[in-house]
Amino acid sequence: MLRYLRRVDDITSGKLRWGILTNGRVWRLYFQGALSVAEDFLEIDLGKALDLPGCGLDLLDKRPDSFADDAAWRDHACRLFLILFGRGAFVPGDAGETFPCHCIARG
């Protein structure tokens, strides 16, 4: 992924800064401008978010206190997945930027 992001950054003169890596179950969103692209990424495990058999939460999946229960936490993860990886995230806005770039620009 690191080599891919560097190559795409060179080819697009810095205009394309995001990369997606998935095995179908686990989805990662990488940003070329992160301090450590190898360690700083957003990851959503759809198996856990959808509560699929054999994909239960583990010790590393601590639910934030702002969610009432694990079901609310899973629902949030599913909504986040749809916002970040759904069709709407890739449709350019008025300025020609897609969702992740638009969010960072407005900060």
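Is F81 buried or exposed? In this predicted model, F81 is buried, with a relative accessible area of 14%. The surroundings of this residue are described below, beginning with the sheet and the helix that packs on it.

The sheet is open and consists of 3 strands, arranged in the order β1-β2-β3 with antiparallel pairing. Strands β1 (18–22) and β3 form its edges, each of them pairing on one side only. From one strand to the next, the twist averages 15°. Between β2 and β3, the antiparallel pairing extends over 5 bridges, and L29 is placed opposite L42 of β3. Helix α3 packs on this sheet and touches β1, β2 and β3. The direction of α3 makes an angle of about 125° with that of β3.

The largest nonpolar core comprises 7 residues, namely W18, L29, I44, L46, F81, L84 and F85. The element that gives the most to this core is helix α3 (residues 70–85), with 3 residues. Among the core residues, I44 illustrates how separate parts of the chain meet. When neighbours within four places in sequence are set aside, I44 is in contact with R25, V26 and W27, and also with A77, L80, F81 and F85. Two of these partners, F81 and F85, are themselves listed in the core.

Aromatic side chains form a further set of interactions, with 6 aromatic pairs in the structure. One of them joins Y30 and F41 in a tilted arrangement, with 5.1 Å from centre to centre and 45° between the planes. This pair links distant parts of the chain, since Y30 belongs to strand β2 (residues 26–31) and F41 to strand β3 (residues 41–45), 11 residues apart. The two partners fall into separate accessibility classes: Y30 counts as buried at 5% relative accessibility, whereas F41 is partly exposed, with a relative accessible area of 28%.

F81 and F85 form another aromatic pair, also tilted, with a centre-to-centre distance of 5.2 Å and an angle of 40° between the planes. Both residues lie in helix α3, where they are 4 residues apart, about one turn of the helix. Like F81, which has a relative accessible area of 14%, F85 is buried, its value being 10%. Together with W27, the residues F81 and F85 make up one aromatic cluster. W27, F81 and F85 also appear among the contacts of I44.

The cysteines were examined for covalent links. The structure holds 0 disulfides. The sulfur of C55 has its closest cysteine sulfur in C78, at 12 Å, and this separation is too far for a bond; a disulfide would require the two sulfur atoms to lie within 2.5 Å. Correspondingly, C78 takes part in no disulfide, the nearest cysteine sulfur being that of C55, 12 Å away. Both residues are nevertheless classed as buried: C55 has a relative accessibility of 9%, and C78 has a relative accessibility of 19%, the limit for this class being under 20%.

Note on methods. Residues numbered from 1 in each chain as written. Predicted model: local features only at pLDDT ≥ 70, side-chain atom pairs only at ≥ 80, totals over all residues. Heavy atoms only, no water. Buried < 20%, exposed > 50% of the residue type's maximum accessible area, 1.4 Å probe, protein only. Core = buried A, V, L, I, M, F, W, Y, C linked by side-chain atoms within 4.5 Å. Helix = DSSP H or I, 4+ residues; strand = E, 2+ residues; numbered from the N terminus. Contact = heavy atoms within 4.5 Å. Phe/Tyr/Trp six-rings, centres within 6.5 Å; stacked < 30°, edge-to-face > 60°. Pairing = 2+ DSSP bridges. Axes fitted to C-alpha atoms, helices over the stretch in contact; angles between N-to-C directions.
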